[in-house]
Amino acid sequence: MNTTQADTSSTSRGARCAINSELPLNRFSSTIFKGLRRTDQRKWAHAYLKGLLVTSGKKSVRRLATVVSRDPSVVQSLRQFVSLSPWDFDEVMEELTHWVADRRPEPVWSIGRAVLPKRGDRSVGVHRYFDLSSGRTLNCQLGLGSFLCVDTAHVPVDWCLHLPTTWTQDPERRRDVRIPDFERYRPQWAHTLRLVDRLAARTHSTSSVVLVDMSDEPDVGYLLHGLAKRRRDFVVAVPPHLAVLPAREGAPVPARARTLVSAQSPETALVHLPGGEQRITHLQTSLVHLAGGSQGRSPGPPYRLFTEVGPARSPGLLWLTSLAHHPLAEAASIASLHRGTTDAIGSMEQDFGLLDFEGRSFPGWYHHMALVSAAYAFQRLHGLTAVPCRNTAQRVP
């Protein structure tokens, strides 16, 4: 590595400084990748992880290999490890989940969305997708990830690749990129429930609150009912047109969520931000039931709609939460964490090679996401001491 080259960002500088001592990285690597069956797999996992942390700029396999070794054969070995070697994404991410959970994350599970632009149509899952945040239609892969929040860090611990029906219903495409037989099309709300179920199985937590932006998901009702069925509290950004019932006596007529909440007078709330900061905000809120139930039946539990009002009364995201009987400031504080997940994905794109996977296969995509997630977790959290918990003797902090 050219130590005289100027760093492109403070995160890149921090990533390189984080491994001035090899010992912490060796311990972390041996913990996260201990489930890999072969010695050579663990060796290349460590090399790829180190390359992601010390390589500035684009994280192509060739550049990673050049940084970690002068041996020209390393390039092919790293490519083989990521795209072809048979190792289990789930086992690695389970170990990463445990490692992060030992550092006492907040009781919030944040679901984020990674939009990964691609050229051509041969990379697994690539499709035309309208990105609401940029207002553009992109040729891209779409990944949904679950994040644990530790202080100001949002750490990815699981991923799902969205596969459109143009991929799942085409046997030749499935075969070319090695999509497993059990993988099928799932809408984004179903991926979210899948991530929640996997995280619940890994952490055995029954009280964590699910936080996710589904403001562009027309079928968000399936997600809300699925979370309610799992008795999982949530704070979910919903579309403005979501049909809701005002929570008052009588037989209310369904209304658009945005229309209903916009008619309410703003309330002042003190929102707690990560790192101990606070800010005063103005919120419009209303208690509602979800529309769509059978006539004559109970409308179901009450939920709280809320939105932040800007200086010119311009509305922000519209949130729906099951924490209807909790202080409004508590739900708003949870909603504020969503920005941290978005920033984490941006940092992974900019400094940890999230966008730089060169392969096209389904297993390769998941392997790359596991390695990028591990690199990001180490850079953000390796200095935090794990707290005593179950099986800590088996885990190296």
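Let me begin with P105, which is partly exposed, with a relative accessible area of 22%. The cut-off for a buried residue is under 20%, so at 22% P105 falls into the partly exposed class. Please keep in mind throughout that this is a predicted model.

P105 sits in the loop that joins α6, residues 89-101, to β1. Leaving out residues up to four places away in sequence, P105 touches V100, L148, C149 and V150. One of these partners, V150, is 45 residues away along the sequence, yet the two C-alpha atoms are 4.3 Å apart in space.

The same stretch of chain holds R104, which is also placed in the loop between α6 and β1. R104 has a relative accessibility of 64% and therefore counts as exposed. Its backbone deserves a remark. Most residues other than glycine have a negative phi. R104, which is not a glycine, has a positive phi of about 55°.

A second arginine can be described in similar terms. R231 has a phi near 55°, again a positive value in a residue other than glycine. R231 is located in the loop between α10, residues 220-229, and β6, residues 234-237. With a relative accessible area of 76%, R231 is exposed.

From the loop before β1 we pass into the strand. W109 belongs to β1, which spans residues 108-117. Is W109 buried or exposed? At 3% relative accessibility, W109 counts as buried. Setting aside neighbours within four places in sequence, W109 is in contact with F147, L148, V196, L199, A200, T203, S205, S208, V209, V210, L211 and R232. L148 is thus a partner of W109, and L148 is touched by P105 as well. W109 also lies 8.5 Å from V212, C-alpha to C-alpha, although 103 residues separate the two along the chain.

Let me now set these residues against the whole protein. The protein has 397 residues, of which 52% are buried. Its secondary structure consists of 14 helices and 12 strands. Of the contacts between residues at least 6 apart in sequence, 65% join residues at least 24 apart.

What is the size of the largest nonpolar core? It comprises 99 residues, and V236 and L320 are those with the most contacts inside it. Helix α14, residues 362-381, supplies the largest share of this core, with 13 residues. L320 touches V236 itself, and its other partners beyond four places in sequence are L224, F234, V235, V238, L242, V288, L290, Y303, R304 and L305. Another core, of 18 residues, lies apart from the largest one and includes A269, F306, L328 and A335.

The remaining part of my talk concerns helix α5, residues 74-83, and its packing against α3, α4 and α14. Two packed helices are described by the angle between their axes and the distance between the axes.

I take α3 to begin with. The axes of α3, residues 39-54, and α5 come within 10 Å and cross at roughly 105°. That makes α3 roughly perpendicular to α5. From α3 the contact draws on Q41, W44, A45, A47 and Y48, and from α5 on V74, S77, L78, F81 and V82. By class, these residues are eight nonpolar, two polar and no charged.

Next comes α4, residues 61-68, whose axis is 9 Å from that of α5, at an angle of about 125°. The two helices are therefore oblique to each other. Their crossing is right-handed. V61, R62, L64, A65 and V68 of α4 meet V74, V75, L78 and R79 of α5. Here the division is seven nonpolar, no polar and two charged.

The final pair is α5 with α14, the helix that gives the largest share of the main core. Their axes are 7 Å apart, and the packing angle is about 105°. The two helices are therefore roughly perpendicular to each other. On the α5 side the contact involves F81, V82 and S83; on the α14 side it involves P363, G364, H367, H368 and L371. Which classes of residue make up this contact? There are four nonpolar, four polar and no charged residues.

Looking across these contacts, V74 and L78 of α5 take part in the contact with α3 and in that with α4. F81 and V82 of α5 take part in the contact with α3 and in that with α14. Thank you for your attention.

Definitions and conventions
Residues numbered from 1 in each chain as written. Predicted model: local features only at pLDDT ≥ 70, side-chain atom pairs only at ≥ 80, totals over all residues. Heavy atoms only, no water. Axes fitted to C-alpha atoms, helices over the stretch in contact; angles between N-to-C directions. Helix = DSSP H or I, 4+ residues; strand = E, 2+ residues; numbered from the N terminus. Parallel < 35°, antiparallel > 145°, perpendicular 65-115°, else oblique. Left-handed = near helix turned anticlockwise from the far one by under 90°. Contact = heavy atoms within 4.5 Å. Nonpolar A, V, L, I, M, F, W, Y, C, P; charged D, E, K, R; others polar. Core = buried A, V, L, I, M, F, W, Y, C linked by side-chain atoms within 4.5 Å. Buried < 20%, exposed > 50% of the residue type's maximum accessible area, 1.4 Å probe, protein only.
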